[in-house]
Amino acid sequence: MARNWVLHRVCDTPPFMTAEDLSTATPYRLSVFHQSLKFIFLVRVTSLPAGLYHDLRSSRPESVPDRLRNALLSGDYMDSGFVDEYLEIVDEVSWRIGGYPRECVKVWRSLREAVALVTGQQIDVDAPKDVVIEDATPIFRFVDLPPSIKTRIYQICLRRGRVSVGDWSTYSVPTTLKRRTEYEVDVGDSRVVRKRTTYTCRLLGSGTWPIVALFQVNRSVGEEAATIFYGENQFRFLGTAKSTLAFLHDRMPRLRYIRNMSMRFCTDASIKFKGCYNITGSIPPAPRTFIGAWRRIFNALVHTTPGLKAFELLIDKDFWWHAPWYNGAEAVFTTPALGEPHGIRHYEGARNFLQHVARLAEVEIRLTIDETEEDEERGTVRRELDALMRAAAATRPWLALDEYPACTCGRRLLLSESCIWDKYEAWRRPR
Ligand SMILES: [Zn+2]
């Protein structure tokens, strides 16, 4: 509620008021003031013409000063003594009640001006009419804070180090996750059994969940918050490639802020889909990565993440069973369908999963393979492969700025029907 009450007797009101001279009064208190003033005035006044007296008796208390003013300006009354009486009673009532409504300052001033006009007098400059209200109550606006302070607040609310993304459980998608893009995963021993699920984001380790509600405040706060959340956390994609792709699809406009990512490629054919069973547990190893989803991830990343600086590729130890590492890093890097199941048909020259990662131009690529550094030979191949991928990435054209990616499917819930799965890459041609 606005500060609508002056805390002084009228004659004691300082010419300049600050917040200390004002307070807030209820409508009831304002009403008591106006009614008391009208009642005392009508009881005591001696110079009020009879017609005006009857008019005021039937009028609303708040309208009395306006009616007195109109009566004066009408020219029907030569004597303005009743206004002097009224203003004396105003002063007394403000003293008895402990203040007066702030809105009256203007009304009484115009009443005095009317008297001056009719009688040709100068306005009394000492009266509270000349009060200038300076309401010093500061209004706090978050958006007016200096950028450095806002950034610090965003960091406290949103910077957590690592955000991990994995799959939700096989069997049900909680209603809180219903707005996320869903996808089907193979479960059980047969590829025929498919379950619909979605991804989940976790903070593994300590720390409270980032206050992502900041994204909803307004457009400018949302964008500023997004630069911190996506730019200053590492996003670790540890589940299926479809979970990664669904995450990217839901955040297409904000992917440009992402700077640091890590992603797991699984080659172990024996792992069954588990999903995440509870909110605090770590993200379990996912089944063998589906190259079709992997390819789409990098199709998206090379066009949507101009801010990406670091990318860590995590591979399970089964990788060594699939890779001809004894022939050297170059042989591994150029092996077609590396780590994929046998029998899948590829078009001529299709990239293997390492070559897809090496499409990330000017990104610091780091390769981590489970249980490798203990083995000297494999450790050497790992380091050579790492260097090879960086060298390949360095030769790639910088693509991230040549398109204007945006979701064109209206976030259809099923990944296989969404724009990011579309083979013509509909998200690169926003409507
Ligand atoms: Zn879409």
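Me: In the protein chain, what share of the contacts with a separation of 6 or more comes from residues 24 or more positions apart?

Reply: First, this is a predicted model: local features need pLDDT of at least 70, side-chain atom pairs count only at pLDDT 80 or more, and totals for chains, interfaces and linings use all residues. Residues are numbered from 1 along each chain as its sequence is written, and side-chain values use heavy atoms, leaving out hydrogens and water. A contact means heavy atoms within 4.5 Å. Among contacts in the protein chain with a separation of 6 or more, the share from residues 24 or more positions apart is 71%.

Me: How many helices and strands does the protein chain have?

Reply: Both are DSSP runs numbered from the N terminus: H or I over at least four residues for helices, E over at least two for strands. Counted that way, the protein chain has 13 helices and 13 strands.

Me: What percentage of the 431 residues in the protein chain is buried?

Reply: Buried means under 20% relative accessible area, exposed means over 50%, and partly exposed is in between (1.4 Å probe, protein chains only). Of the 431 residues in the protein chain, the buried ones make up 48%.

Me: In what order do the six strands of the open sheet with mixed pairing run?

Reply: Two strands pair if DSSP finds at least two bridges between them. The edge strands of this sheet are E9 (199-202) and E13 (364-369), each pairing on one side only. From one strand to the next, the twist averages 20°. The full order is E9-E6-E10-E11-E12-E13.

Me: Which residue in E11 stands opposite Phe235?

Reply: Strands E10 (residues 234-237) and E11 (residues 260-265) pair in the parallel sense, with four bridges. Opposite Phe235, in E11, stands Met261.

Me: At about what angle does helix H13 run to E13?

Reply: Axes are lines fitted to C-alpha atoms, for helices over the stretch in contact, and angles between N-to-C directions run from 0 to 180 degrees. Helix H13 (residues 376-394) lies across strands E12 (310-315) and E13, and its angle to E13 is about 155°.

Me: Which residue in E3 stands opposite Val6?

Reply: There's another open sheet, made of three strands in the order E3-E1-E4 with antiparallel pairing. Its edge strands are E3 (22-23) and E4 (100-101). E1 and E3 pair in the antiparallel sense over two bridges. Opposite Val6, in E3, stands Leu22.

Me: Which side chain does the side chain of Thr13 join in a polar contact of 2.9 Å?

Reply: Thr13 sits in the loop between strands E1 (5-6) and E2 (16-17), and counts as buried because its relative accessible area is 10%. A polar contact is a pair of N or O atoms within 3.5 Å; within protein, one must be able to donate a hydrogen and the other to accept it, and residues adjacent in sequence count only if both atoms are side-chain atoms. A polar atom of the Thr13 side chain lies 3.1 Å from the backbone oxygen of Val10. The 2.9 Å contact joins the side chain of Thr13 to that of Tyr100.

Me: How many salt bridges does the count come to?

Reply: A salt bridge is a side-chain nitrogen of Lys or Arg within 4 Å of a carboxyl oxygen of Asp or Glu. One example is Arg109 with Glu113, where the closest N and O atoms are 3.2 Å apart; both lie in helix H5 (residues 104-119), four residues apart, about one turn of the helix. Glu364, Glu373, Arg382, Arg383, Asp386 and Arg390 are linked in a network of these bridges. By this rule, the count is 19.

Me: Why is Glu182 buried?

Reply: Glu182 forms a salt bridge with Arg196, and their closest N and O atoms are 2.6 Å apart. Glu182 is in the loop between E6 (162-167) and E7 (183-186), while Arg196 is in E8 (residues 194-197), 14 residues apart. Arg196 counts as partly exposed, at 39% relative accessible area. Glu182 counts as buried because its relative accessible area is 4%.

Me: How far from the C-alpha atom of Leu238 is that of Ile283?

Reply: Ile283 is in the loop between E11 and helix H9 (291-304), and is buried, with a relative accessible area of 7%. Not counting residues up to four places away in sequence, the residues Ile283 touches include Ser164, Arg202, Leu238 and Cys276. Ile283 and Leu238 are 45 residues apart along the chain, and their C-alpha atoms are separated by 6.7 Å.
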